[in-house]
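Reader: I'm new to this one and would like to go through it slowly. Could you bring it up so that we can talk it over?

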Amino acid sequence: MHWLRIWSVITGALLLAACGGTLPPATISIWVDSDGFSPARVEAPAGKPLSIVVRNLDAQEHQWAIQTLPMVVQGKADPMAGHNMAGMSDAGMGSTPPQLHIVAPVGEQAELTFTPAQRGEYPFLCILPGHSEQGVLVVE
Ligand SMILES: [Cu+2]
């Protein structure tokens, strides 16, 4: 019995330590294949850093984009801050580029970190021509 009590004290101390400093971003993993995003509905708190990780399980490229989402800007404004286009192909860039944009190459994952500023429901979708995967990011 005694070791259980010690363990709970240690765990509590670690939790306190975690809350005291700068929190690492919360991470949401979203899988995508030709059937769509999974999960298609994800939730995150406003005003806290959020990492979206898109894992592409398909044999073709997919993207994850939100057209408009108010963000907390940290440090100097970087016009590419909302983009992770390491695996970018020419397809998918319309006349109005989305504010948030992740390109997930075949069999790989890509990550983007940002801080949503306002509550709301923000639809996300794959913007490649002919693709219809979609979902929603709920900021609470
Ligand atoms: Cu797609």
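Reader: To begin with, what percentage of the 140 residues in the protein is buried?
Author: Buried residues account for 23% of the 140 residues, and please keep in mind that this is a predicted model.

Reader: And what secondary structure does the protein have?
Author: There are one helix and 10 strands, and reading from the N terminus the order is α-β-β-β-β-β-β-β-β-β-β.

Reader: What share of the contacts with a separation of 6 or more comes from residues 24 or more positions apart?
Author: That share is 71% of the contacts in the protein with a separation of 6 or more.

Reader: Let's look at the strands, then; in what sense do β1 and β4 pair?
Author: β1 and β4 pair in the parallel sense, over seven bridges, and within β4 it is N56 that stands opposite V32. β4 also pairs with β8, in the antiparallel sense and over six bridges, where I52 has L112 of β8 as its bridge partner.

Reader: Which side chains of β4 point to the buried face?
Author: Those of L50, I52, V54 and N56 point to one face and are buried, whereas S51, V53 and R55 point to the other face and are not buried. Such alternation between the two faces of the sheet is what a regular strand shows in general.

Reader: Switching to the core, which residues touch the most other members of the largest nonpolar core?
Author: That core has 22 residues, and the ones touching the most other members are I30, I52, V54, W64, A65, I102 and A104. At least two core residues come from each of β1, β4, β5, β7, β8 and β10, with β7 giving the largest share, four residues.

Reader: What does W64 touch, leaving out residues up to four places away in sequence?
Author: With those left out, W64 touches I30, I52, V54, I102, A104, F124 and C126.

Reader: One more topic: where is R119, and is R119 buried or exposed?
Author: R119 lies in the loop between β8 (109-114) and β9 (120-125), and R119 counts as exposed because it has 12 C-beta neighbours inside 10 Å, the cut-off for exposed being 12 or fewer.

Reader: Which residues does R119 touch, then?
Author: Not counting residues up to four places away in sequence, R119 touches A46, V139 and E140. In addition, R119 and A44 are 75 residues apart in sequence, while their C-alpha atoms are 9.3 Å apart in space.

Terms used
Residues are numbered from 1 along each chain as its sequence is written. This is a predicted model: local features need pLDDT of at least 70, side-chain atom pairs count only at pLDDT 80 or more; totals for chains, interfaces and linings use all residues. A residue is buried if 20 or more other C-beta atoms lie within 10 Å of its own, exposed if 12 or fewer, and partly exposed in between; C-beta atoms are placed from the backbone. Two residues are in contact if their C-beta atoms, placed from the backbone, lie within 7 Å. A nonpolar core is a set of buried Ala, Val, Leu, Ile, Met, Phe, Trp, Tyr and Cys residues joined through C-beta atoms within 7 Å. Two strands pair if DSSP finds at least two bridges between them.
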